[in-house]
Amino acid sequence: MNISPVEVTYLLASILFIFGLRGMSHPDSARRGMTLAAAGMLAAVVGTLLVKEIVSYEWILAGLVVGSLIGAAMSIWMPMTAMPQRTALSHAFGALAASLVGIAEYSLHGAELGGVRIGALGFEVLLGSLTFTGSMMAFSKLQGLVSGTPITYKGQNIVTTVLLAVTVTCFAYLLYDHSASIAFYVMISLAFLFGILLVIPIGASDMPVVMSLLNSYAGLASAATGFVLSNNVLIIAGTLDGFSGLILSILMCRAMNRSITNVLFGAFGSVTEDTVAVAGVMREVELDDVATQLAYARQVVFVPGYGMATAQAQFAVRELGTALESRGVTVKYGIHPVAGRMPGHMNVLLAEANVPYSSLYELEQINSDLPSTDVALVIGANDTVNPDARDNPKSPIAGMPIIEADRAASVVVLKRGKGKGFSGLENPLFYKPNTGMLYGDARGTLQSLVQSVQKMQ
Ligand code: NAP
């Protein structure tokens with residue numbers, strides 16, 4: 001059997017992608033996984049440069065230089081908090097690339113491509129185009145260029161479904177008459193429009209699930225491109241990307257106790273009327289009292305949330321942890337799977353601040369520890385510690401697993417004021433007698449706590 005050098009590099013790239021993905025399944029091996037995946041991408045690029053049919057290396061070089069410069073600038077200057085938007089942009093461009101390849105192939109070869117390839121090509125262009133506009137819309141919502149609240153109107157789901165039906169009909173006609181270029185271009189235009197309509201009714205905070213789904217579409221579009229171009233590495237990498245995106249979306253929905261259809265069509269986040277009546281008052285506490293409480297505790301559990309990300313407080317969290325540990329306090333970090341605004345948000349931030357993985361505890365593990373914890377320090381988390389999800393079957397977030405901070409002997413909540421969480425719901429935890437509210441930006445508050453703890457004997 002005669003295997004070309006191109007095929008060998010593609011095989012190597014595919015193996016590296018698979019091991020890379022495997023590595024990313026655990027925080028300990030995630031960095032190694034990323035390096036393996038990057039090496040796989042390098043192998044795929046080198047393999048592609050060996051392809052005989054390449055017409056001009058100048059254009060490829062120009063693309064490489066421009067792309068590398070943009071990538072380097074993004075990695076250096078884009079803050080960690082903008083990571084979701086950045087991911088949306090890369091999905092958008094990946095999908096646009098797949099779509100443009102499909103359009104170029106069809107305009108060059110048209111009906112000569114034959115039924116099977118036209119089928120793959122139509123699939124590629126359809127998914128690529130809707131993913132491009134959908135991801136751009138997700139980017140605009142996350143960046144605040146478009147309102148982050150769900151944009152809804154009467155009959156919305158019907159309009160979107162009819163549009164999808166017409167788009168698919170154009171595709172079906174193209175399969176029947178391969179030379180029907182009008183059907184091809186109408187299908188592309190409608191797919192662009194569909195991407196926008198699909199994402200506008202979804203709230204900014206549901207964007208991670210949507211982006212993961214769009215990632216899956218972009219991956220499947222790339223796999224289809226692989227069929228059109230007879231390129232094995234695109235088929236393998238696209239399929240891996242497509243299915244990992246889908247699995248991630250399902251896992252995120254499960255962690256929020258919601259279905260994918262509820263995320264896509266439920267307009268979650270447009271809740272304006274609170275269905276929860278809370279009794280009691282929020283008790284404000286003094287910083288020095290909290291410092292004393294923490295310093296003399298036996299065990300403290302930090303529960304970080306979205307507020308830690310916006311305050312960029314991960315380094316201050318680590319400093320406080322170290323200060324407490326040096327006094328003999330056991331410090332643990334309770335990580336909720338959907339704390340923050342993207343999967344693994346807290347893990348990424350805490351890893352950046354060099355918090356050891358062994359101190360991070362998943363939801364089930366930390367919940368069994370909380371009843372024997374002296375202080376639960378909630379750092380900019382809200383929905384993920386809302387006891388209503390557990391206690392109130394009528395709550396919109398009923399059934400969502402939570403970190404049971406309320407089971408600790410004492411709870412201290414760091415937040416700026418009376419702002420609500422992503423769901424817009426009241427949180428009864430803040431009104432409990434054993435909860436104290438320490439107001440202020442999380443980073444500043446934590447830095448003052450560190451100083452206060454360090455001053456103690
Ligand atoms: P959250 O419910 O969004 O609450 C964040 C809290 O942080 C707010 O109440 C806010 O109160 C406070 N805050 C904001 N900036 C702050 C600052 N600079 N300093 C101190 N506090 C600050 O957060 P969460 O508990 O992490 O929950 C995440 C939510 O996002 C969940 O409902 C989850 O379902 C949803 N979600 C997550 C993902 C994901 O992949 N992670 C995906 C989709 C949806 P103040 O305004 O009063 O400060």
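# Exercises on the ligand site

The largest share of the shell around the ligand, four residues, comes from α12. The model used in these exercises is predicted.

**Exercise 1.** Determine how many residues surround the ligand, and which of them are the closest.

*Solution.* Step 1: the residues surrounding the ligand number 32. Step 2: the closest are Asn 382, Asp 383, Thr 384, Arg 416 and Phe 422. Step 3: sorted by class, the shell holds 13 nonpolar, 12 polar and seven charged residues.

**Exercise 2.** Identify the helix and the strand that each supply at least two residues of the shell, and the domains that each give at least three.

*Solution.* Step 1: the helix is α12 (306-311) and the strand is β5 (410-415). Step 2: the domain assignment divides the protein into domain 1 (1-77), domain 2 (82-265) and domain 3 (287-455). Step 3: domain 2 and domain 3 each contribute at least three residues to the shell. Step 4: for the placement of domain 1, its C-alpha centre lies 39 Å from that of domain 3.

**Exercise 3.** Take Gly 307, Gly 380 and Thr 384, and state for each whether a backbone or a side-chain atom faces an oxygen atom of the ligand, and at what distance.

*Solution.* Step 1: for Gly 307, a backbone N or O atom is 3.5 Å from a ligand oxygen atom. Step 2: Gly 380 also places a backbone N or O atom by a ligand oxygen, at 3.1 Å. Step 3: in Thr 384 a polar side-chain atom lies 2.6 Å from an oxygen atom of the ligand. Step 4: on its own the ligand has 920 Å² of accessible area, of which the protein covers 96%. Step 5: the space that the ligand takes is the second largest pocket.

**Exercise 4.** Locate Ser 230 and Gln 312 in the fold and describe the sign of phi in each.

*Solution.* Step 1: most residues other than glycine have a negative phi. Step 2: Ser 230 has a positive phi of about 50 degrees, and this residue sits in the loop between α8 (207-229) and α9 (232-255). Step 3: Gln 312 has a positive phi too, near 50 degrees. Step 4: the loop holding Gln 312 runs between α12 and α13 (314-325); α12 is also the source of the largest share of the ligand shell.

Technical notes: Residues are numbered from 1 along each chain as its sequence is written. This is a predicted model: local features need pLDDT of at least 70, side-chain atom pairs count only at pLDDT 80 or more; totals for chains, interfaces and linings use all residues. Side-chain values use heavy atoms; hydrogens and water are left out. A residue is near a molecule or strand if one of its heavy atoms lies within 4 Å of it. A polar contact is a pair of N or O atoms within 3.5 Å; within protein, one must be able to donate a hydrogen and the other to accept it, and residues adjacent in sequence count only if both atoms are side-chain atoms. Accessible areas come from the Shrake-Rupley method with a 1.4 Å probe; for residues, only the protein chains shown count as cover. On a 1 Å grid over the protein atoms alone, a cavity is a set of points where a 1.4 Å probe fits but cannot get out, and a pocket is an open set with protein on both sides within 12 Å along at least five of seven lines; lining residues have an atom within 4 Å of a point. A molecule sits in a cavity or pocket if more than half of its atoms lie within 2 Å of its grid points. Ala, Val, Leu, Ile, Met, Phe, Trp, Tyr, Cys and Pro count as nonpolar, Asp, Glu, Lys and Arg as charged, and the others, Gly among them, as polar. Domain bounds come from an automatic or database domain assignment.
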